[in-house]
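User: I should like to learn how to read the features of a protein model, one at a time. Please give the general idea first and then the case at hand.

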Amino acid sequence: MRHLFLFLALILTQPVGADQSAPPAEGNTMDNARLQALIEGIATDIEGQPGYWRFDIESFPVSVITDEKADRMRIIVPVAEVGAMDAERLMRLMQANFDSALDTRYSIAQGLLWSAFIHPLSALSDRQFIDGLAQTVNLAATYGSSYSSGALIFSGGDSQGEQDKIYRAIIERDSSI
């Protein structure tokens with residue numbers, strides 16, 4: 001399975017955010033209906049309802065949660081139980097949050113370590129959602145090795161040269177991007 005991750009994960013040729021930072025065109029804001037269509041385009045066996053979806057990507061359980069009234073969206077993937085983590089591992093997670101997790105973050109809640117991407121819902125573009133999904137899964141997949149979201153690593157941090165790649169395969173699942 002690890003070889004599948006390495007095979008599927010190619011780095012994008014341009015930096016994350018280069019062509020995806022612009023919000024959706026006016027009148028074309030993200031909502032639950034549009035998000036549902038995106039999810040159906042890249043995943044199978046989707047459970048849930050508008051506002052909460054659960055599906056697997058590359059054998060990782062993904063949850064997408066929205067609140068249209070609060071204009072928030074989050075993609076989360078459980079990574080590991082926190083109880084046995086030592087200070088060295090927690091330090092490495094914080095280093096990754098600085099330079100290799102990029103738009104995703106390691107987070108702790110309910111006794112679990114999570115990979116999380118959080119964004120305002122209405123300003124979210126299709127490309128940003130797919131990219132956020134790819135980064136979130138890749139960050140979970142590289143826990144214990146490169147601790148990377150897969151897109152790039154910012155200079156000045158401690159993660160240079162430790163990047164595995166999974167992310168491109170998820171991006172390519174949706175042909176409209």
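User: What is the accessible surface of the protein, and what share of it belongs to carbon and sulfur atoms?

Analyst: Accessible areas come from the Shrake-Rupley method with a 1.4 Å probe, and for residues only the protein chains shown count as cover. Here the accessible surface comes to about 8900 Å², and carbon and sulfur atoms account for 52% of that area. This is a predicted model, in which local features need pLDDT of at least 70, side-chain atom pairs count only at pLDDT 80 or more, and totals for chains, interfaces and linings use all residues. Residues are numbered from 1 along each chain as its sequence is written, and side-chain values use heavy atoms, with hydrogens and water left out.

User: What is the mean pLDDT of the protein, and where does pLDDT stay under 50?

Analyst: pLDDT is the predictor's confidence in each residue, from 0 to 100. Its mean in this protein is 80, and 69% of the residues reach 70 or more. Residues 1-21 stay under 50, and the model has 47 contacts beyond four places in sequence for them; a contact means heavy atoms within 4.5 Å. Residues 160-165 also stay under 50, with 29 contacts of that kind in the model.

User: How many helices and strands are there, and in what order do the elements run?

Analyst: Helices (H or I, at least four residues) and strands (E, at least two) are DSSP runs, numbered from the N terminus. The protein has five helices and six strands. Read from the N terminus, the order is α-α-β-β-β-β-α-β-β-α-α. Among contacts between residues at least 6 apart in sequence, 65% join residues at least 24 apart.

User: What share of the residues counts as buried, and which residues of α3 are buried?

Analyst: Buried means under 20% relative accessible area, exposed over 50%, and partly exposed in between (1.4 Å probe, protein chains only). Of the 177 residues, 49% count as buried. In α3 the buried residues are Arg92, Leu93, Ala96, Asn97 and Asp99, and their cover includes β5 (105-109) and β6 (112-120). The expected span of a helix is 1.5 Å times one less than its number of residues. Helix α3 (residues 87-99) has 13 residues and reaches 19 Å from its first C-alpha to its last, close to the 18 Å expected.

User: How does one read the pairing of β2 with β3, and that of β3 with β4?

Analyst: Two strands pair if DSSP finds at least two bridges between them. Strands β2 (residues 52-57) and β3 (residues 60-67) run antiparallel and are joined by six bridges; aspartate 56 has proline 61 in β3 as its bridge partner. Their hairpin has two residues between the strands, where glutamate 58 takes a positive phi near 50°. Serine 59, in the loop between β2 and β3, has a positive phi near 70°. β3 also pairs with β4 (residues 72-81) in the antiparallel sense, over five bridges, and threonine 66 is matched with methionine 73 in β4. This second hairpin has four residues between its strands, and aspartate 71 in the turn has a positive phi of about 60°.

User: Which residues does histidine 119 touch, and is this histidine buried or exposed?

Analyst: Histidine 119 belongs to strand β6 and is buried, with a relative accessible area of 14%. Leaving aside residues up to four places away in sequence, histidine 119 touches Asp71, Arg72, Met73, Leu124 and Gln128. Aspartate 71 was met above in the turn between β3 and β4.

User: How many aromatic pairs are there, and which residues form one aromatic cluster?

Analyst: A pair of aromatic rings is described by the distance of the centres and the angle of the planes. Rings of Phe, Tyr and Trp (its six-membered ring) pair if their centres lie within 6.5 Å; planes under 30 degrees apart count as stacked, over 60 as edge-to-face and the rest as tilted. By this rule there are three aromatic pairs. The rings of tyrosine 106 and tyrosine 143 have centres 6.4 Å apart and planes at 65°, so this pair is edge-to-face. Tyrosine 106 lies in strand β5 and tyrosine 143 in the loop between α4 (126-141) and α5 (167-173), 37 residues apart. Tyrosine 106 is buried at 7% relative accessible area. The rings of tyrosine 106 and tyrosine 147 have centres 6.1 Å apart and planes at 75°, so this pair is edge-to-face. Tyrosine 147 is in the loop between α4 and α5, 41 residues from tyrosine 106, and is buried at 5%. Tyr106, Tyr143 and Tyr147 form one aromatic cluster.
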